Amino acid sequence: MSPQTQTDRSTESKSQQAYRFIRTRIDDGRYVPGYRLVLGAIARELDVSVVPVREAIRLLEAEGLVTFERNVGAQVALIKETEYLHTMETLALVEGAATALSAPFISADHIARAREINERMRRTLDDFEPTRFTELNLEFHAVLFEECPNPHILDLVHRGWNRMTVLRDSSFSFVPGRAHESVEEHERILALIEQGADALEIELAARRHRTATLDAVLAAQSRHPLPAP
């Protein structure tokens, strides 16, 4: 740790330390949407009283990252349905197009690399880590869309994935069963590309793959809606 970092931490208030502690874990996916924030447990981990933790929770609640429900307590906010819907719908369209446009430029090496990543995803299913699975998922899809010759479409794909990061999304933490289906769908997309399938068929398969995750998340969220403001 640098002297500057030590100085920065020493000048932080306890509530700021608690805020940074919780915010980091929300951002990196350790505290997934719906995760219950137990003030006493966090306070013990930080070796502080619950007062600064409560202050940090209030700040995070004001930012929309945490919700508070009577008789339930504080929890990491679930994905905002409308924002998630619009982002995923857009990503389905542009990533589907990018994958189809990339297909003529996908070599046997690309296919082999994508299959190797997909196999690593398959191996994570037994001891499931949603954040790691999501990282591998992006690696897999990047192999298939990065050869897109249209830079404007590719830019929109990158924006969509970046937006999902801002939403703190690991969809698979919310609907872990979807991960098994996703791995199988990856193989079907690869098979279409290998077979030299029509571009529209590849585009629709990639689009359906994305919207299937969207549908699963929205169905799960409808069973566990956000508390009323």
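A residue is called buried here when its relative accessible area is under 20%, and by that criterion 45% of the 229 residues in the protein are buried. Keep in mind throughout the tour that the model on the screen is predicted.

**The whole chain**

Begin with the entire protein in cartoon view, where eleven helices and three strands can be picked out. Followed from the N terminus, the elements come in the order α-α-β-α-α-β-β-α-α-α-α-α-α-α. If you then switch on a surface, the protein exposes about 12,400 Å², with carbon and sulfur atoms supplying 52% of that area. Among the contacts with a separation of 6 or more, 73% are made by residues 24 or more positions apart.

**A stop in strand β3**

Select Q75, which is found in strand β3, the stretch covering residues 73-76. Is Q75 buried or exposed? Its relative accessible area is 13%, so Q75 is buried. To see what surrounds this residue, leave out the residues up to four places away in sequence and display those that Q75 still touches, namely G34, Y35, R36, L37, L65, V66 and T67.

**Across to helix α8**

Next, select R159, which belongs to helix α8, residues 151-166. With a relative accessibility of 54%, R159 counts as exposed, because the cut-off for that class is over 50%. Add L91 to the selection and draw a distance between the two C-alpha atoms: R159 and L91 are 68 residues apart along the chain, and these atoms are separated by 8.7 Å.

**The salt bridges of helix α6**

Side chains of opposite charge can pair when their charged atoms come close. A search of the whole structure finds twelve salt bridges, and the remaining stops visit some of them.

Start with E194 and R115, whose side chains meet in a salt bridge with an N to O distance of 2.7 Å. This pair links distant parts of the chain, since E194 sits in helix α10 (residues 177-194) and R115 in helix α6 (residues 108-123), 79 residues apart. Both partners are partly exposed, E194 with a relative accessible area of 47% and R115 with one of 28%.

Staying on helix α6, select R120 together with E139, and a salt bridge of 3.9 Å, N to O, appears between their side chains. Here the partner of R120 in helix α6 comes from helix α7 (residues 130-145), where E139 lies, and the two residues are 19 apart in the chain. E139 counts as partly exposed at 32% relative accessibility, and R120 is also partly exposed, at 23%.

Now select R122 and E184, whose side chains meet in a salt bridge of 2.7 Å, N to O. Which parts of the structure does this pair tie together? E184 lies in helix α10 and R122 in helix α6, so the pair joins parts that are 62 residues apart in sequence. As for accessibility, E184 is partly exposed with a relative accessible area of 38%, while R122 is partly exposed with 30%.

To finish, return to R115 and E194 and add E187 to the selection, as salt bridges that share partners join R115, E187 and E194 into one network.

How values were computed. Residues numbered from 1 in each chain as written. Predicted model: local features only at pLDDT ≥ 70, side-chain atom pairs only at ≥ 80, totals over all residues. Heavy atoms only, no water. Helix = DSSP H or I, 4+ residues; strand = E, 2+ residues; numbered from the N terminus. Buried < 20%, exposed > 50% of the residue type's maximum accessible area, 1.4 Å probe, protein only. Contact = heavy atoms within 4.5 Å. Areas by Shrake-Rupley, 256 points an atom, 1.4 Å probe, with all protein chains shown as cover. Salt bridge = Lys/Arg side-chain N within 4 Å of Asp/Glu carboxyl O.
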